[in-house]
Amino acid sequence: MLSFALTIVRHGETQYNRDKLLQGQGIDTLLSDTGHQQAAAAGQYLRDLHFTNVFVSNLQRAVQTAEIILGNNLHSSATEMISDPLLRERGFGVAEGRPKEHLKNMANAAGQACRDYTPPGGETLEQVKTRFKKFLRSLYQRMLEEHGSGDQRSASTSGPSEPEQPVIAGLANDGVQSVPVHTLIVSHGAFIRVSVRHLVEDLQCRLPAGLKMSQVFSPCPNTGISRFIITLRREESGPRASHIQCVFINRKDHLDDSFMSDSR
């Protein structure tokens, strides 16, 4: 068995975010000045953590954010950053480049909730989830190949044991103090929302005490940070997550005035 930490960060703000315009996959914008500051603040917040693996969407706003985070990190500046199109934002088809209000109007006209509506040419939520599931399978395999040679539990240990509940003290290293394998992902708001829902609803991720479901499924802010501890088990059909523990979701402590002023 192998346990590893998974920290997921949304990219920093772009001008399209500020103007409430949909970007999706077809609008490949750069970070705004505020987005640069947010990414630097996230980097400062995470600077003492060691990321053994880094994966990023191949859209520029995510790549820039990841580069800034790693540039501020004291232990991971040399970690290879792997660009993966599976981590791209949800495709919004004909709605890309248009105001978010336009998407709401299209959904209302179709008699659907905006979150569930798929504009012409866009990706369904199920298609986005399928992308994330494909990424997870690849990630699990890579984690075991690169870090699973010395399993964290002896093969002679009888029966599976559930990992201990992580200590959550509101610090950047919550949940990872004794987890040496740590993966960073930088992706996008709609993709992260679908991913978190899959981890919680489909894979039955264990949530920390006091975390409300409304918080779990709330939109991720720019450079919002979520963290999970995943325990893998080797099976004949391939690696499987035997236990997933959520540490926190959509944390934005680094966007407080003190962190933002330090990043300027």
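Start by selecting strand E4 and looking at both of its faces: His 182, Leu 184 and Val 186 sit on one side, Thr 183, Ile 185 and Ser 187 on the other, and every one of them is buried. Before you go on, keep in mind that you're looking at a predicted model.

**Stop 1: strand E4 and its partners**

Why is E4 described as largely enclosed by the rest of the structure? Because 6 of the 6 residues in this strand, residues 182-187, are buried.

Now add strand E1 to your selection. E1 and E4 pair in the parallel sense, over 6 bridges. To find a spot where they meet, click on Arg 10, which stands opposite Ser 187 in E4.

Next, add strand E2, residues 53-56. E2 also runs parallel to E4, joined to it by 4 bridges. Here, pick Asn 53 and look for its bridge partner in E4, which is Thr 183.

**Stop 2: Thr 65**

Jump over to helix H3, residues 60-72, and select Thr 65 inside it. Is Thr 65 buried or exposed? Its relative accessibility is 0%, so Thr 65 counts as buried.

Show the side chain and look back along the helix to Arg 61. The backbone oxygen of Arg 61 lies 2.7 Å from a polar atom of the Thr 65 side chain. Then look at what surrounds this residue. Leaving aside neighbours within four places in sequence, Thr 65 is in contact with Arg 10, His 11, Gly 12, Leu 31, Ala 39, Val 186 and Thr 223. You've already met two of those names: Arg 10 stands opposite Ser 187, and Val 186 is one of the buried residues of E4.

**Stop 3: the nonpolar cores**

Select Phe 4, Phe 228 and Ile 230 together. These are the residues with the most contacts inside the largest nonpolar core, which has 35 residues. Which elements give two or more residues to this core? They are strand E1 (2-10), helix H5 (125-147), helix H6 (189-202), strand E5 (225-233) and strand E6 (240-251). Colour H5 if you like, as the largest share of the core, 8 residues, comes from there.

Zoom in on Ile 230. Setting aside neighbours within four places in sequence, Ile 230 is in contact with Leu 2, Ser 3, Phe 4, Leu 6, Tyr 140, Ala 241, His 243 and Ile 244. There's also a second, separate core to find, with 23 residues; among them are Tyr 45, Ala 62, Val 176 and Val 247.

**Stop 4: two cysteines**

Pick Cys 205 and Cys 246. How many disulfides does the structure hold? The count is 0. A disulfide is a covalent bond between the sulfur atoms of two cysteines. The sulfur of Cys 205 has its closest cysteine sulfur in Cys 246, 5.1 Å away, and that is too far for a bond. Both cysteines are tucked away: Cys 205 is buried with a relative accessible area of 7%, and Cys 246 is buried at 0% relative accessibility.

**Stop 5: helix H4**

Finish with helix H4, residues 100-109, whose buried residues are Leu 103, Met 106 and Ala 107. Turn the view so that you look down the axis of H4: the buried residues fall within an arc of 100°, so they line one face of the helix. An α-helix has 3.6 residues a turn, so residues three or four places apart point the same way.

Now look at the face of H4 turned away from its buried side, where you'll find the exposed residues Asn 108 and Ala 109. Last click: Gly 111, which follows H4 and has a positive phi, near 75°.

Definitions and conventions
Residues are numbered from 1 along each chain as its sequence is written. This is a predicted model: local features need pLDDT of at least 70, side-chain atom pairs count only at pLDDT 80 or more; totals for chains, interfaces and linings use all residues. Side-chain values use heavy atoms; hydrogens and water are left out. A nonpolar core is a set of buried Ala, Val, Leu, Ile, Met, Phe, Trp, Tyr and Cys residues joined through side-chain atoms within 4.5 Å. Buried means under 20% relative accessible area, exposed over 50%, partly exposed in between (1.4 Å probe, protein chains only). Contact means heavy atoms within 4.5 Å. A disulfide is a pair of cysteine sulfur atoms within 2.5 Å. Two strands pair if DSSP finds at least two bridges between them. A polar contact is a pair of N or O atoms within 3.5 Å; within protein, one must be able to donate a hydrogen and the other to accept it, and residues adjacent in sequence count only if both atoms are side-chain atoms. The arc is that of the directions from the helix axis to the C-beta atoms.
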